Amino acid sequence: TTLGWSSGSLITTGLIGLILLSRRSWCEELADPRLTGLSSSEAAVHVFLKIPVFTAVIEEAVFRGVLHAALVALYPTPVAIWLGAGLFGLWHIGPGLDQAEASQVEGSKRLRHTVLTVVATTFAGLFLVWLRIETGSIWAPVAVHATVNMTMATMARRAGRLTTRT
């Protein structure tokens with residue numbers, strides 16, 4: 001069910017976030033000054049409105065809805081799945097660069113950060129399209145996508161606060 005997938009995502013992502021918060025170097029990697037600089041009400045709007053509606057719903061409708069259907073119509077299913085996941089990963093070059101810039105990451109570390117973002121979101125795209133196929137709906141992927149992004153944004157805000165305090 002959608003609730004089950006969302007709950008599992010919350011637990012898994014929450015545990016990963018807590019592990020990342022446990023070490024200073026990982027915490028610094030996770031920190032996002034764009035989120036740390038928001039007021040509590042701005043952060044709430046970002047986490048509870050912008051992420052689920054303007055990120056998860058729209059990206060899932062495009063990538064696991066329209067694009068997936070078009071790719072499956074044009075290519076064998078395995079090729080369509082990998083192409084969609086790869087395009088989802090490439091879609092995240094901009095956000096990876098934006099976060100690196102906001103965190104003042106330069107040179108090879110900036111490239112590494114962006115490549116890791118693309119690789120991670122490509123594999124996330126593989127999982128999300130598998131979930132879409134398994135459930136026959138985009139709603140479970142929407143729930144998982146929203147839950148993961150909301151949880152990690154909360155953790156990135158916390159990480160930013162922890163690293164600026166010490």
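These legends go with four close-up views of a predicted model.

**View 1. Helices α6 and α7 pack against each other.**
Two packed helices are described by the angle between their axes and the distance between the axes. Here, helix α6 covers residues 93-102 and helix α7 covers residues 107-135. Their axes come within 8 Å and cross at roughly 145°, and the crossing of α6 past α7 is right-handed. On the α6 side, look for I93, G96, L97, Q99, A100 and E101; their partners on α7 are R110, H113, T114, T117 and V118. What kinds of residue make up this contact? Four are nonpolar, five are polar and two are charged.

**View 2. The largest pocket is lined by 39 residues.**
Rolling a probe the size of a water molecule over the atoms shows where empty space is left. In this pocket, the space comes to about 1,600 Å³. To find its centre, start from Q99, T117, T121, N149 and M152, the lining residues that lie nearest to it. Many helices take part: α1 (2-21), α2 (24-30), α3 (33-36), α4 (40-74), α5 (77-91), α6, α7 and α8 (139-165) each supply at least two residues of the lining. Which helix gives the most? That is α7, with nine residues. By type, the lining divides into 19 nonpolar, 13 polar and seven charged residues.

**View 3. The second largest pocket holds about 290 Å³ of space.**
Its lining can be traced along the chain, through S25, E28, E29 and A31, then Q99, S103, Q104, V105 and E106, and on to K109, R112 and H113. Helices α2 and α7 each supply at least two of the lining residues. Two residues of this lining are nonpolar, five are polar and five are charged. You may recognise two names from View 1: Q99 and H113 line this pocket, and both also belong to the contact of α6 with α7.

**View 4. One cavity of 30 Å³ or more is found in the structure.**
How much space lies in this largest cavity? The volume is about 40 Å³. Around it you can pick out F63, R64, H68, A80, I81, G84, A85, G125 and V129. Helices α4, α5 and α7 each supply at least two residues of the lining, and the largest share, four residues, comes from α5. Five of the lining residues are nonpolar, three are polar and one is charged.

Technical notes:
Residues are numbered from 1 along each chain as its sequence is written. This is a predicted model: local features need pLDDT of at least 70, side-chain atom pairs count only at pLDDT 80 or more; totals for chains, interfaces and linings use all residues. Side-chain values use heavy atoms; hydrogens and water are left out. Axes are lines fitted to C-alpha atoms, for helices over the stretch in contact, and angles run from 0 to 180 degrees between N-to-C directions. A crossing is left-handed if the near helix is turned anticlockwise from the far one by less than a right angle, and right-handed if clockwise. Contact means heavy atoms within 4.5 Å. Ala, Val, Leu, Ile, Met, Phe, Trp, Tyr, Cys and Pro count as nonpolar, Asp, Glu, Lys and Arg as charged, and the others, Gly among them, as polar. On a 1 Å grid over the protein atoms alone, a cavity is a set of points where a 1.4 Å probe fits but cannot get out, and a pocket is an open set with protein on both sides within 12 Å along at least five of seven lines; lining residues have an atom within 4 Å of a point. Grid points are joined across faces, edges and corners, and a volume is the space filled by probe spheres set on the points.
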